[in-house]
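Reader: I would like to know how the words used for a structure follow from its values. Please take a few cases and explain them.

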Amino acid sequence: MPSADVSRLNILVVDHHALAAQLGHLGYRVANVAGDHAALLSIRDQPPDLMLVGLPDSLTGPVPMIGQLRQAWPDRWVPVIATAVLPAGDAGGAAMIRALDGQADDFLPQPLDPALWRARLEHYR
């Protein structure tokens, strides 16, 4: 059940229905879109407070959609938080470095820890 004091952040989640549902249960306003193109159209039509994108395991450089976002709207900053399931034995260091190298503004590990995610997301309120 959502907490009454959860902020009303508008969060755009790209390609991650389960995460969108979990954040909705925490009380956030969440839109879930499928694919980079849909995300860019959604941002154009209704800019979110922040965007969450899954980090591919194979990523070794910029996340193309983040670069496209920054190019399309250089005067509109939408914080992009990358997220990934951490491999056994990885405390997040390697995944976080991949996220930041991929032009994300922040990184949050999965599975979702409600207290950690709420604290981090509220930073963008």
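Author: Q103 sits in the loop between α4 (93-101) and β5. This is a predicted model, in which local features need pLDDT of at least 70, side-chain atom pairs count only at pLDDT 80 or more, and totals for chains, interfaces and linings use all residues. Residues are numbered from 1 along each chain as its sequence is written, and side-chain values use heavy atoms, with hydrogens and water left out.

Reader: Why is Q103 called partly exposed?

Author: Buried means under 20% relative accessible area, exposed over 50%, and partly exposed in between (1.4 Å probe, protein chains only). Q103 has a relative accessible area of 36%, so Q103 is partly exposed.

Reader: What is the phi of Q103?

Author: Phi of Q103 is near 80 degrees, a positive value in a residue other than glycine. D15, not a glycine either, has a positive phi of about 60 degrees; D15 is in the loop between β1 and α1 (17-25).

Reader: What makes α2 a helix?

Author: Helices are DSSP runs of H or I with at least four residues, strands are runs of E with at least two, and both are numbered from the N terminus. Helix α2 covers residues 36-45.

Reader: Which residues of α2 are buried, and how do you know that they line one face?

Author: The buried ones are A39, L40, S42 and I43. Seen down the axis of α2, they fall within an arc of 160 degrees, so they line one face of the helix. The arc is that of the directions from the helix axis to the C-beta atoms. On the other side of α2, H37 and D45 are exposed.
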